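Let's walk through how the protein meets its DNA here, and which charged pairs turn up along the way. Have the viewer open as you read.

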Number of protein chains: 2
Amino acid sequence: MPVPSPPSAKLSVDPTAMPDGGKAADVQAADVQAADLTWLLNRAAARMRGELDAVARGHGLAGVRDWIVLTALGVEGGRTQLQLGRELGVDKTTLTSLLDRLEGDELVVRRLDLRDRRARIPEVTEAGRRLQTRIAVARDEAEARLLAAFSPDERRLLRVLLTRLADSTAASGPCL
Amino acid sequence: MPVPSPPSAKLSVDPTAMPDGGKAADVQAADVQAADLTWLLNRAAARMRGELDAVARGHGLAGVRDWIVLTALGVEGGRTQLQLGRELGVDKTTLTSLLDRLEGDELVVRRLDLRDRRARIPEVTEAGRRLQTRIAVARDEAEARLLAAFSPDERRLLRVLLTRLADSTAASGPCL
DNA sequence: CGGATACCGTCCGGGGCAGGACGTTCCCAT
DNA sequence: ATGGGAACGTCCTGCCCCGGACGGTATCCG
């Protein structure tokens, strides 16, 4: 048995079988219905996360979270730590230690807000930006590798569905 | 901003908008392409997990994991702790403490294997079975609630895609 | 029959993460 | 002006989780 099977489900569908053409996967078997969605989601997330974690570590970071933070800062700066944490779903205390490490590696700097002397505004350094772009490439490769069995349509579809699912009124638990 | 946005992505697609008809969601915008898949996966998984955790806790369990274990045991017994752990992606030590608690609550018993006196074979008690079925109902309700915006086809499709993604040669990181 | 090796489950130690309390600063009302 | 309440970030603490070491057992091989 190559893969652990989700509880309460015996999938007769071969998950690795690619539905050939460029069309999105046809829903072919009702058995899938029985699978536990929570299980599948966590499993898939864990898998991808592990893969990306390895990538990040290979480039000197501690994990994906570092890279996520770096990217978020690169896209749009000027946010306080708390704002950043809320947006990323990371606890403020966790973000503190995380930034401590990143700052120690000269990848970010905490500029203090001139308007509000309580707040520190994290900012990516040039080195951080370089590292970020370098990892982005590796990430794309890794993702492509994991999505090798997916047609372009399926990839987009997966993103759409996940986006809709991830969206929610209350950002319940922490993520990442 | 109701929802934290993934880094390196501005989704112009309204994720809550249901593509009306019963057909699967049309891939409507290329912007989605930019989103980080790892982020989406973890976000979605965290959300669903949080929801299901609450359900489990409401029924006296500590979290989803308890319920997962209970279900797995109910579906097929006779496995040793190590086998079970491997199949579920749970570390053996974690499974030990987990079973300790469940056993304390009289939901499972550790029967010792007659063939191999090293091994303990966890088994669901009648009470555990009752609890399991009770939670299964609540889980279905919760999942249905989370998937309210999805058409039946989309739900099946999501399962198919996730299954294919979760499947992998190496079960890398722990899940759940 | 006896020793060596591999294996199952448990216990212990280290590390990471989140919640609560605290110091500092801001904002607003009086 | 000034005092009270709220907010931002950090430190401290407790919890959970995994990796490694240990006792007990099975299996293999001489």
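A salt bridge here is a side-chain nitrogen of Lys or Arg within 4 Å of a carboxyl oxygen of Asp or Glu. This is a predicted model, so local features need pLDDT of at least 70 and side-chain atom pairs count only at pLDDT 80 or more, while totals for chains, interfaces and linings use all residues. Residues are numbered from 1 along each chain as its sequence is written, chains are lettered from A and ligands numbered from 1 in the order in which they are written, and side-chain values use heavy atoms, with hydrogens and water left out.

**Salt bridges**

Searching the whole structure over all chains turns up 26 salt bridges. Three of them, with their closest N and O atoms, look like this:

| Pair | N to O distance |
|---|---|
| E87(A) and R79(A) | 2.7 Å |
| D116(B) and R118(B) | 2.9 Å |
| D140(B) and R139(B) | 2.7 Å |

How do these sit relative to solvent? Take buried as under 20% relative accessible area, exposed as over 50%, and partly exposed as in between (1.4 Å probe, protein chains only). E87(A) and R79(A) are both buried. D116(B), at a relative accessible area of 24%, is partly exposed, whereas its partner R118(B) counts as exposed at 71%. For the remaining pair, D140(B) is partly exposed at 40% and R139(B) is buried at 11%. That pair also has company: D36(A) is linked with R139(B) and D140(B) in a network of salt bridges.

**DNA strand C**

Near means that a heavy atom of the residue lies within 4 Å of the strand. Which residues come nearest to DNA strand C? Out of 19 around it, they are T94(A), R117(A), Q81(B), L82(B) and R118(B). Of the strand C atoms that come within 4 Å of the protein, sugar and phosphate make up 71%.

For polar contacts, the cut-off is a pair of N or O atoms within 3.5 Å; within protein, one must be able to donate a hydrogen and the other to accept it, and residues adjacent in sequence count only if both atoms are side-chain atoms. On strand C, a polar backbone atom of L82(B) is 2.7 Å from a phosphate oxygen. The side chain of D91(A) has an N or O atom 3.1 Å from a phosphate oxygen of strand C, while the side chain of T93(A) places an N or O atom 3.5 Å from a base nitrogen of that strand. The elements giving two or more residues to the surface near strand C are α4 (92-104) of chain A plus α3 (81-88) and α4 (92-104) of chain B. Helices here are DSSP runs (H or I, at least four residues), and strands are too (E, at least two), numbered from the N terminus.

By class, the surface near strand C has three nonpolar, six polar and ten charged residues. Ala, Val, Leu, Ile, Met, Phe, Trp, Tyr, Cys and Pro count as nonpolar, Asp, Glu, Lys and Arg as charged, and the others, Gly among them, as polar.

**DNA strand D**

Around DNA strand D there are 19 residues, with Q81(A), L82(A), R118(A), T94(B) and R118(B) coming nearest. Sugar or phosphate accounts for 65% of the strand D atoms within 4 Å of the protein, and bases for the rest.

Phosphate oxygens of strand D take part in several contacts: a backbone N or O atom of Q81(A) lies 2.8 Å from one, a polar backbone atom of R120(A) is 3.2 Å from one, and a polar side-chain atom of R65(B) lies 2.9 Å from one. Here the elements giving two or more residues to the nearby surface are α3 (81-88) and α4 of chain A together with α4 of chain B. The class count near strand D is three nonpolar, six polar and ten charged residues.
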